[in-house]
Amino acid sequence: MDQMTEIREFMKNLLAIRHDRQPFSDASSLFLSGRLSSVDAVELVVFLEEKYGVDFAETGFDQSLIDSVDAVASLVRSVKAVDQSAFR
Amino acid sequence: MNTIVSPVQAEPAPQAASRLANFRLIPRIETYPAVVSFAQTIAGKAVLLVLFGAGLAYTIRTLKDWLVLTLCLALITFLPARRRLLVTISTLIFTFIVPWKAYQNPVYVFSLIAGVLALGALLFWFATLWPRSWYGRRPIFFLLCGFAALIVVAAYTPRGTSFSRVLWDLTQILSAYIWFICYSLLDRNAPGRDPVALQLGTYRPFWGSTHTPFPKGAAYLRRIEARDAQQFAVIQLKGLKLLAWAILITLFGDVFNKCVYVYLHIPTFSQALNLSANRTPLPWYICWGSLLAGFFGGIISLSAFGHQVIAGCRMAGFNALRNTYRPFSSRTVAEFFNRYYFYFKELLVDVFFYPFFLKYFKKHHKLRLVGAIFAAACFGNAFYHFGRDLTFVQQLGLGGALAGYQVCIFYCILLAAAISVSQLRHRKPAPDGFIRGQLWPSFLVVLFFCLLDVFGSTERNYPLVEHFRFLGHLFNLNF
């Protein structure tokens, strides 16, 4: 499963737990629109830490960073880029 | 690639049920293209303002407040390009000009307010200027510690002196602004952060708030601001609808209070608690009546207030979420806390939960979660209320106020423990069926918060044991 699909699946499960049956696109706002709450953000934070090594204590945390599938993917890409440049 | 995902394949609902589910007491006017187009014209804006002003006239009791608020909203409606600046100007008008005659010595009060605003601006400026300094890395910790120290100094300054009076007044005013300053400090490292002038517009904004910032701070306002004329029209229509809701809920609340307290003669919770503490308790069913009436009455008044404030915020072009949204549909304790008083929960999460959760016990998931929940729902909650109700410290002294605070601390511990249990249980989709899946869990959650309300009294008149005694009376246990 590629990165986008994994993130999408995770968001899909979070919405399913909340009985949210509305479709969403990769650009759809999920947290700022109120479809997901800070409780869900915690699960997403743990997922991103464990799966992609994102450390919000370093990057700083803001819900806009994880507001949509696109935003999460972009965050993961930026963290990976920083990691790679650190190893050069 | 932009994929559309449907989380759960919904089964086709029966037609009657579907019609019922789609029924709206107030129609979704913001989805009607003709209405949205009209709301973008000058005539449409004028109609919106007249309707909103008429609604505000019902909810705002003083003519001056109503007139100034309506004028501020009119300015923002017709000059949306200057929205953020106008929000700041309107907020300053509501801070310094509107309440001028409400104070005996306005120059003195406004000097103190100006001092607190200047302090907020300085702290924000220093944090942006030296982000890597000891202060720049933890400005909120610094601010909250400073506030706590100020309370201690004020409490131990000999009473009756003018210095003591000034110190207390300053502490009270800082207490009213402290969480707004916190949101500014949270915004310090954001890439497109607002300058101090615009941050000031979020310090007790003109559409209203409590000690809790509605709706959060400048960073949130930037994200929810209308980007074009169509969005602005949609948001304003949503604001108008929300104000209509606020009026309906207020009317319902008036009827509810009249039925419960006038026709049914049910005593208020405070009266029932007093009688219980004086060893003349009411029958158990009347105690339940008082508790339930106080609990539901509290939710009704908070909903009406929150809707009115957020309606004003939406009318100014910010698509803020409602403060209270269907609390009785919550299936978990954490969900109720989120739905009942959204912006208070957000404040606790932003200032206390995340800083703990993102820093400590990363290898121990459960400890980390419980620690962060206690940092927010217990410590943060208790600190917020202690800092808000400073009159008790002023009257009873620091030791007396802390002793009288035992009930509130117990409430916070119980709440944090319940949220922790709720969050540690494995989250899974609810079981099928309306009764097992929705009604029963919601009933249990509402019952829990209702019983928790026994300890939620803000009066601090009685020790914890008296609240337990009242709890016993609810189950016909007299001790």
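Chain B has 21 helices and zero strands. The model is predicted. Along its principal axes, the C-alpha trace of chain B spans about 70 × 70 × 55 Å. The radius of gyration of chain B is 24 Å, in agreement with the value near 23 Å for a compact globule of 479 residues. Of those 479 residues, 36% count as buried. Among contacts in chain B with a separation of 6 or more, 71% join residues 24 or more positions apart.

**Two domains and their contact**

Chain B splits into domain 1 (31-230) and domain 2 (231-474). Their C-alpha centres lie 24 Å apart. Domain 1 of chain B puts 46 residues into the contact, and domain 2 of chain B puts in 38 residues. On the domain 1 side, the elements giving two or more residues include α2 (33-39), α3 (42-59), α4 (63-78) and α5 (83-97) of chain B. Also among them are α8 (139-156), α9 (162-186), α11 (218-224) and α12 (229-263) of chain B. α9(B) gives the most to this side, with eight residues. By residue class, the domain 1 side holds 30 nonpolar, 11 polar and five charged residues.

**Nonpolar cores**

Where does the largest nonpolar core lie with respect to domain 1 and domain 2 of chain B? It lies between them, because both domains give residues to it. This core has 116 residues. Those with the most contacts inside it are B:Cys182, B:Leu185, B:Leu348, B:Phe353, B:Ala376, B:Ala377 and B:Ile419. Helix α16 (residues 342-357) of chain B gives the most to this core, with 11 residues. B:Ala376 illustrates the packing. Neighbours within four places in sequence aside, B:Ala376 is in contact with B:Leu348, B:Val349, B:Phe352 and B:Phe353. A second core is separate and has six residues, including B:Ala154, B:Trp168, B:Val393 and B:Ala401. In soluble globular proteins, nonpolar side chains tend to be buried together.

**Two helices of chain B**

The table sets out their spans from first C-alpha to last.

| Helix | Residues in helix | Span | Expected span at 1.5 Å a residue |
|---|---|---|---|
| α6(B) | 24 residues | 34 Å | 34 Å |
| α12(B) | 35 residues | 50 Å | 51 Å |

Both spans are close to expectation: that holds for α6(B) and for α12(B). B:His265 follows α12(B) and has a positive phi, near 55°.

Which residues of α6(B) are buried? They are B:Ile113, B:Val116, B:Leu117, B:Gly120, B:Leu123, B:Phe124 and B:Ala127. These buried residues pack against α5, α7 (134-137), α8, α9 and α10 (196-200) of chain B. α5, α8 and α9 of chain B also appear among the elements on the domain 1 side of the domain contact.

**A loop residue: B:Tyr360**

B:Tyr360 sits in the loop between α16 and α17 (365-388) of chain B. Is B:Tyr360 buried or exposed? B:Tyr360 counts as partly exposed, because it has 14 C-beta neighbours inside 10 Å; a buried residue needs 20 or more. Neighbours within four places in sequence aside, B:Tyr360 is in contact with B:Arg368 and B:Gly371. B:Arg84 is 276 residues from B:Tyr360 in sequence. In space, their C-alpha atoms are 37 Å apart.

Key: Residues numbered from 1 in each chain as written. Chains lettered and ligands numbered in written order. Predicted model: local features only at pLDDT ≥ 70, side-chain atom pairs only at ≥ 80, totals over all residues. Domains from an automatic or database assignment. Contact = placed C-beta atoms within 7 Å. Helix = DSSP H or I, 4+ residues; strand = E, 2+ residues; numbered from the N terminus. Nonpolar A, V, L, I, M, F, W, Y, C, P; charged D, E, K, R; others polar. Core = buried A, V, L, I, M, F, W, Y, C linked by C-beta atoms within 7 Å. Buried ≥ 20, exposed ≤ 12 C-beta atoms within 10 Å, placed from the backbone. Rg over C-alpha atoms; globule rule 2.2 N^0.38 Å. Expected span 1.5 Å × (residues − 1).
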